[in-house]
Amino acid sequence: MTSLPQTTKKKLGLVIDLDICVGCQACVTSCKEWNTGGYSAPLSDIDPYGADPHGSWLNRVHGYEVGEGATGRTVHFPRSCLHCETPACVTVCPTGASYKRAEDGIVLVNPDMCIGCKLCSWACPYGAREYDENHGVMKKCTLCVDRIYNTHLAAEDRIPACVRACPTGARHFGDIGDPGSAVSKLVAERGGYDLMPEMGYKPVNKYLPPRDRRDSTTSTFQPAVEAPDHNGGGDRATSFFAWADKMLSR
Amino acid sequence: MSSRRGELDGAGVARLDSEPAVELSRNPADEIKYTTCYMCACRCGIKVYLKDGKVRYIEGNRDHPVNKGVLCGKGSAGIMQHYSPARLRAPMKRVGPRGSGEFKEISWEEALDTATYWLANVRATDPKRLAFFTGRDQSQSLTGFWALQYGTPNYAAHGGFCSVNMAAGGLYTIGGAFWEFGDPDWEHTKYFMLFGVAEDHASNPIKIGIGQLKGRGAKIVAVNPVRTGYNAVADEWVGIRPGTDGLFVGALIHELFANRTIDLDYLVRYTNAPWLVIEDRGAADHGLFVRDEKGVPMLFDKKSGGLVHALTPDASPALTGARTLADGRTARPVFELMSERFLSDEYSPEAVAEQTGLKPEQMRRIARELAEVAFEQEVVLDHPWTDWTGRRHEKMIGRPISMHAMRGVSAHSNGFHTCRMIHILQVLLGAIDCPGGFRYKPPYPKQVPPWLVPHGALQTIRPLEPLGGPHLGFPLGPQHLLLDDDGQPSRIDKGFSWDAPLSAHGLMHMVINNAAKKDPYAIDVLFLYMANMAWNSSMNIPGTLEHLTAKDDKGEYVIPKIIYSDAYYSEMVPYADLILPDTTYLERWDCISLLDCPISTAEMAADCIRHPVVKPDRDVRGFQEVVIDLGARLKLPGFVNKDGSPKYPGGYPDYMVNHERKPGIGPLAGWRGEDGTKTGRGAPNPDQLNRYLENGSFFAHEIEPHMAYFRHANRDYMEWALEMGFRVETNPVIFQLYAEPLQQFRLAAQGHGERQPPDSHRARIDKYFDPLPFWYPPFEEDMVDSGTFPLHAITQRPMHMYHSWGSQNAWLRQITAQNRLYIHRDLGREHGIEDDDWAWVSSTIGRVKCQVRLMDGVNRDTIWTWNAIGKRKGSWGLSDDAPESNQGFLLNHLISELLPEGGGGYRYSNSDPVTGQAAWFDLRVNIEKADGASETEPRFEPVKQPFEMDKPDVLSFGAEFREGRK
């Protein structure tokens with residue numbers, strides 16, 4: 001068992017816009033690329049050129065379909081650690097390797113203390129933890145803790161790699177604990193929601209739902225009273241030309 | 001940095017007094033270098049972080065015009081591309097039979113000597129016996145120049161199987177085209193239609209744009225049989241039946257006409273709608289424009305009551321009314337002819353509903369929405385501008401409708417006309433190069449079509465002499481075809497022949513087939529670059545492999561010598577005789593030039609470079625270095641000085657700086673002039689590359705607001721474009737709703753003129769060279785039995801592998817190592833096929849076994865898969881049990897490169913009849929359940945790996961960056 005801080009000064013997290021995620025995997029590979037050489041280095045890949053290539057990734061995107069027929073849609077769903085306020089993955093940790101930072105609420109694994117028992121991955125209902133088979137320790141999203149305070153990076157680049165790369169702008173980073181922050185405002189405006197709130201872990205990351213569609217399912221289109229030209233007939237063109245002529249003679 | 005943690009009582013609770021120290025500010029790089037990505041056609045600016053001599057991280061360059069800082073899934077996996085075990089490591093010569101993969105590594109000197117010997121012999125005897133074709137080449141202004149100096153007519157790049165329908169359709173209509181030559185006005189558009197854009201062309205700009213549009217509440221309509229990627233986030237998905245986009249667009253045009261919702265003023269001002277067309281059926285000039293004695297097209301001026309030049313500034317052009325000409329004949333304006341076509345019942349929503357699979361109400365509604373946005377929601381910018389007549393306009397008023405189209409339109413045999421129809425829809429709405437509409441990217445717009453005719457007619461080919469001009473161009477009539485004295489094709493790919501008269505990008509997909517059949521003639525050397533023609537870049541792979549290995553009576557290969565350059569051990573490598581190993585994209589010089597397909601955006605003229613950010617650790621050379629070296633060894637004009645010494649002893653960078661295509665105009669437009677103060681035109685600047693490097697490896701010149709729109713008719717823009725060398729004069733670009741060059745071909749087919757098609761081709765030319773666009777069924781659909789092959793089969797690449805060179809990438813293949821056959825649930829039910837079942841897909845030429853995934857968001861009559869995931873065993877450095885070669889599959893095996901025999905027994909290529917674009921989306925198939933299968937078929941003999949590839953069982957990339965951490 002590992003204890004949690006009573007409160008955190010900030011609640012840093014991601015706001016992910018499901019309305020514009022096109023499933024391009026940019027956040028997935030940019031995360032891998034930064035973090036395999038960063039705090040969590042390495043994110044091992046097993047059998048990388050063989051039959052069953054697999055490895056540790058701190059962020060994955062799943063695509064699936066919801067509904068059928070006219071109301072069906074395809075959704076791309078990025079999945080990573082939600083940096084819960086009361087994360088079971090931390091409290092189950094027998095060594096104190098998993099912890100939640102009091103400063104900013106980031107949930108981290110201290111690789112030097114992790115014994116690879118996987119209790120945390122069993123405890124996490126979101127499947128956000130990734131065991132590194134080769135390294136023998138648990139890996140997880142660090143919110144790029146080695147980027148967001150990194151003075152070697154330009155101020156505008158002190159954001160997680162996934163946010164930095166996302167081509168559609170579907171990922172936002174900030175202090176969700178501060179109601180005045182840009183991310184909090186976005187959540188308020190767009191009805192951002194918690195993933196599986198009934199579990200009670202109070203995820204910090206939020207998802208913005210797809211906006212309402214404007215298609216045949218929502219349209220109130222009524223064909224206008226048919227113009228005579230719609231009814232066919234030999235002088236459809238003639239009457240059209242007359243119209244064009246009249247318009248140009250204005 | 002550490003802080004106290006809360007403490008809890010109780011046994012078993014980990015109690016740490018403080019949080020561990022986390023190194024929050026470790027320096028991630030010893031050095032950051034700026035270059036240009038090359039994992040697709042997008043050419044984004046990247047920052048490469050280098051640590052301890054290795055690549056640590058790659059991110060987008062925020063200042064770059066293309067990607068503005070973002071980077072896609074491929075670009076962000078660039079490290080694995082760069083360190084791929086499949087990288088070739090030295091030149092090789094083949095020692096086993098073709099296709100075996102048996103090679104011996106040789107020195108560069110031996111490789112270049114061999115290539116020079118082969119190429120010099122051909123050049124000295126019969127230059128056409130060299131066929132030089134490049135694939136995803138981004139240096140066509142160099143490779144084309146080389147081929148021109150060499151003197152072979154046989155040169156092109158991969159556009160013939162990629163996008164020539166889009167390029168030619170656009171350039172023959174509006175003097176620009178989707179993707180490379182134009183973009184939606186992302187900032188202002190309110191209604192965006194995507195046609196057949198399967199997560200492709202372009203990558204990051206479209207993603208950035210879609211994000212922007214959705215944020216602003218603009219509506220996105222996706223016309224695509226498959227609902228993935230961009231189509232998944234659209235407001236409205238139009239799940240059209242493949243190959244029927246032209247009917248849908250035709251119906252939209254029909255509705256715009258019927259509802260009187262078109263921009264008449266725009267048509268009068270910027271299009272040939274008022275130009276008069278001669279109506280004299282049977283005459284040699286029937287269907288041509290009425291022209292004066294100098295050849296200037298005429299229109300009827302209501303003000304003067306007579307005919308005037310089409311470019312008379314103060315005329316009051318009539319769009320309607322038949323006119324009697326001085327010789328008593330009749331002429332009618334284009335507008336009337338076009339209206340009659342699209343007002344006809346043939347294009348009514350009801351008439352096209354069954355073919356397209358769409359409901360008439362949906363088509364009617366979309367037409368109304370387009371009109372509503374175009375005419376009721378104008379965008380007005382306070383930018384005064386001056387048109388070509390000298391009239392000043394206080395504002396720029398735009399119709400905020402934009403469109404983008406690509407593969408799903410391009411890869412059909414009716415793609416050229418469909419593309420033209422889409423542009424005409426844009427023009428009718430007044431939405432070309434206006435605020436909120438489609439915008440040109442410099443150096444476009446050009447004249448319609450661009451004033452560049454193809455070169456390479458056989459009569460002009462002489463040993464040791466350059467070609468008379470560039471290979472590729474835009475014929476205005478049969479006089480510009482490249483034919484021999486018997487009317488037969490001059491080019492090995494039959495480009496610019498009666499088979500494919502407007503093949504502006506050539507027909508790379510036909511080269512191997514034609515060469516093996518010696519049709520139209522035999523060649524001696526096939527020289528390919530970066531094109532996987534023995535695998536996913538060819539139609540009918542089994543047939544292609546037979547052609548590559550075909551032998552004559554004497555046991556010699558029918559294609560005697562094959563030279564190939566690639567960076568990786570792709571499926572094509574084993575089929576070549578001499579391998580010139582290329583570098584990775586991080587090890588090379590390149591220039592993405594305004595002479596070719598630059599990185600310009602609508603807002604700025606831009607070009608860029610690549611430079612070696614890491615040194616190769618293998619004995620490899622950038623292909624362009626090798627081309628320049630070979631040019632000097634062959635003593636090609638343009639590559640040697642008068643004394644025969646190499647003109648560019650410094651290799652590619654030397655060429656990039658010092659080559660001049662015309663005086664003052666070279667590969668790079670930035671920092672020209674001796675002191676670097678000139679833009680576009682100026683003397684070579686010895687310091688030019690340093691200036692590029694200082695600026696993040698690109699150059700961008702922003703276009704001023706008064707030249708930002710209406711550039712087809714914007715005087716100041718035209719003058720600036722002239723100065724930059726983009727244009728040769730400042731006349732306005734008049735949109736060609738009616739394409740007279742097509743009518744020239746049609747007249748020839750009808751028996752007029754000196755150059756006429758052979759009888760076997762007359763009916764085809766007559767039908768498809770309609771000067772007004774029309775829809776016809778894709779050829780395969782028309783020629784095969786729809787009962788036997790009731791389904792369409794199409795492909796797309798996943799975004800994380802789009803247009804990329806090598807999906808063997810260790811990270812990307814963890815996302816997709818096996819492709820599935822995606823079919824609609826109802827279709828599965830009908831065939832008793834469930835998720836994960838295997839099925840046979842059959843076409844007229846073969847069958848492929850595939851594992852199925854059911855889905856909902858796909859047109860009911862369409863099956864599809866991710867393309868180019870399937871790999872041949874032994875290639876790309878993958879192990880023999882890799883899913884890519886055991887479960888992954890290609891549909892290419894099912895696509896014939898030739899159409900069935902038509903009348904006279906001749907087999908045309910499976911291509912668009914106008915442009916020669918490979919029609920690989922025309923494929924018709926059926927499916928049946930394959931019980932008990934677990935592997936794909938067909939599987940080909942494994943190729944041997946010619947050298948030891950360093951394939952670790954475990955990859956711990958990045959561990960080295962952690963060492964030494966506190």
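Reader: Hi! Before we look at chain B, what makes two strands pair?
Author: Hello! Two strands pair if DSSP finds at least two bridges between them. Helices (H or I, at least four residues) and strands (E, at least two) are DSSP runs, numbered from the N terminus. This is a predicted model, where local features need pLDDT of at least 70, side-chain atom pairs count only at pLDDT 80 or more, and totals for chains, interfaces and linings use all residues. Residues are numbered from 1 along each chain as its sequence is written, with chains lettered from A and ligands numbered from 1 in the order in which they are written.

Reader: Great. Which residue is the bridge partner of B:Asp590?
Author: That is B:Arg610, in β27(B). Strand β27 covers residues 604-610 of chain B and runs antiparallel to β26(B), with three bridges joining the two.

Reader: And what is the strand order in that open sheet?
Author: The order is β26-β27-β28 in chain B, with antiparallel pairing. β26 (590-592) and β28 (698-702) of chain B are at the edges with a single partner strand each, so one side of each has no neighbour in the sheet.

Reader: Switching to helices: how do the axes of α3 and α16 of chain B cross?
Author: The axes of α3 (residues 140-150) and α16 (residues 623-633) of chain B come within 11 Å and cross at roughly 20 degrees. Axes are lines fitted to C-alpha atoms, for helices over the stretch in contact, with angles from 0 to 180 degrees between N-to-C directions.

Reader: Which residues of α3(B) meet α16(B) there?
Author: B:Leu142, B:Thr143, B:Trp146 and B:Gln149 meet B:Gln624, B:Val627 and B:Gly631 of α16(B). Contact here is C-beta atoms, placed from the backbone, within 7 Å.

Key
Two residues are in contact if their C-beta atoms, placed from the backbone, lie within 7 Å.
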